[in-house]
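Reader: Hi! I have a new protein model open and would like to talk it through with you. Could you walk me through it?

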Amino acid sequence: MEAAAVPRSAAICRAAPAVQAARALALPRRALSASAVAAPAPRRLVLAARRAADGDNVETAPEVVPIEKRFPAFPSVMDINQIREILPHRFPFLLVDRVIEYKAGEYAVGIKNVTINDNFFPGHFPERPIMPGVLMVEAMAQVGGLVMLQPEVGGSRDNFFFAGIDKVRFRKPVIAGDTLIMRMTLTKYQKRFGLAKMEGKAYVGGDLVCEGEFLLVSATE
């Protein structure tokens, strides 16, 4: 015996309460697409899984290098003992810690490690330690002295003095903890008078902090 057919209108009426309940419990369309539908795996992961299934080697993620091992030490063309053999300056006015690049008769690149223990910070300034601009210029001049007091330039290797500075500009403050990198380039030298004209630039972290033109003179005692 065949079952009696249910009229279409009655089926709709019976289904209506169930549909309304389902709609009441259903998540919003946006939430459903974000939470219930899984995003497809990136193509890179799919290919890696396939290679692993085939027995191929799967590239592993590169090992993370700790930050303390990421930065190599500065090279040392002249250490502090060699600098002391050339420059007459001594504590607290020797402002070059190391020469990291040098080309005889042309240029030198030196560094000054600026620390809170430098004797000028208690007064400049107690609440905001900033390296005085005049000492930045002095440090750069000392790097220049390492160039001009060499036999390749004809320097006396005795002493040198400021004869003038021009076009000096301070771009950014230098604070405790910075490493001041100074490049002094010889642009003109008058051997007869012992006069050297130099171009100087100083950097911290690749940023220019000071620049200017220097006139130095070498002299015997």
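**Contacts, sheet and rings**

Author: Happy to! Among the contacts between residues at least 6 apart in sequence, 62% join residues at least 24 apart. Keep in mind that this is a predicted model.

Reader: Thanks. How many helices and strands come out of the secondary structure?

Author: The protein has 5 helices and 6 strands. Reading from the N terminus, the order is α-α-α-α-β-β-α-β-β-β-β.

Reader: And the surface: what do carbon and sulfur atoms supply of the exposed area?

Author: They supply 56% of about 15,200 Å² that the protein exposes. As for the inside, 29% of the 221 residues count as buried.

Reader: Now the sheet. What is the order of the strands?

Author: The order is β1-β2-β4-β5-β6-β3, in an open sheet of 6 strands with antiparallel pairing. At the edges are β1 (98-103) and β3 (159-170), each of which pairs on one side only. On average, neighbouring strands of this sheet are turned by 20° against each other, with direction ignored.

Reader: Nice. How many bridges join β5 to β6?

Author: There are 10 bridges between β5 (residues 195-204) and β6 (residues 207-219), and the two strands run antiparallel. In their hairpin, 2 residues lie between the strands, and Gly-205 has a positive phi near 60°. Across the pairing, Met-198 stands opposite Phe-214 in β6.

Reader: What about the other side of β6, how many bridges does β3 make with β6?

Author: β3 and β6 pair over 9 bridges, in the antiparallel sense. One residue to click on is Asp-166, which stands opposite Glu-213 in β6.

Reader: Which helix lies across the strands?

Author: That is α5 (residues 133-148), which lies across β1, β2 (107-113), β3, β4 (179-190), β5 and β6. Helix α5 runs at about 55° to β6.

Reader: Switching to aromatics, my favourite. How many aromatic pairs does the count come to?

Author: The count comes to 2 aromatic pairs. In one of them, the rings of Phe-120 and Phe-121 have centres 4.7 Å apart and planes at 65°, so the pair is edge-to-face. Phe-120 and Phe-121 are both buried.

Reader: And why is the pair of Phe-162 and Phe-214 called stacked?

Author: Their planes are at 20° with the centres 6.1 Å apart, so the pair counts as stacked; the cut-off for that label is planes under 30 degrees apart. Phe-162 belongs to β3 and Phe-214 to β6, so the pair ties together parts that are 52 residues apart in sequence.

Reader: Is Phe-214 buried or exposed?

Author: Phe-214 is buried, at a relative accessible area of 2%. Its partner Phe-162 counts as partly exposed, with 39% relative accessibility.

Reader: I also look for charges over rings. Which ring does the charged end of Arg-183 sit over?

Author: The charged end of Arg-183 sits over the ring of Tyr-107, 4.9 Å from the centre of that ring.

Reader: Last one: where does Pro-92 lie?

Author: Pro-92 lies in the loop between α4 (80-86) and β1. With a relative accessible area of 37%, Pro-92 is partly exposed. The C-alpha atoms of Pro-92 and Asp-118 are separated by 8.2 Å, although these residues are 26 residues apart along the chain.

Reader: Great, thanks for the tour!

Methods:
Residues are numbered from 1 along each chain as its sequence is written. This is a predicted model: local features need pLDDT of at least 70, side-chain atom pairs count only at pLDDT 80 or more; totals for chains, interfaces and linings use all residues. Side-chain values use heavy atoms; hydrogens and water are left out. Helices (H or I, at least four residues) and strands (E, at least two) are DSSP runs, numbered from the N terminus. Buried means under 20% relative accessible area, exposed over 50%, partly exposed in between (1.4 Å probe, protein chains only). Contact means heavy atoms within 4.5 Å. Accessible areas come from the Shrake-Rupley method with a 1.4 Å probe; for residues, only the protein chains shown count as cover. Two strands pair if DSSP finds at least two bridges between them. Axes are lines fitted to C-alpha atoms, for helices over the stretch in contact, and angles run from 0 to 180 degrees between N-to-C directions. Rings of Phe, Tyr and Trp (its six-membered ring) pair if their centres lie within 6.5 Å; planes under 30 degrees apart count as stacked, over 60 as edge-to-face and the rest as tilted. A charge sits over a ring if NZ of Lys or CZ of Arg is within 6 Å of the ring centre and within 35 degrees of the ring normal.
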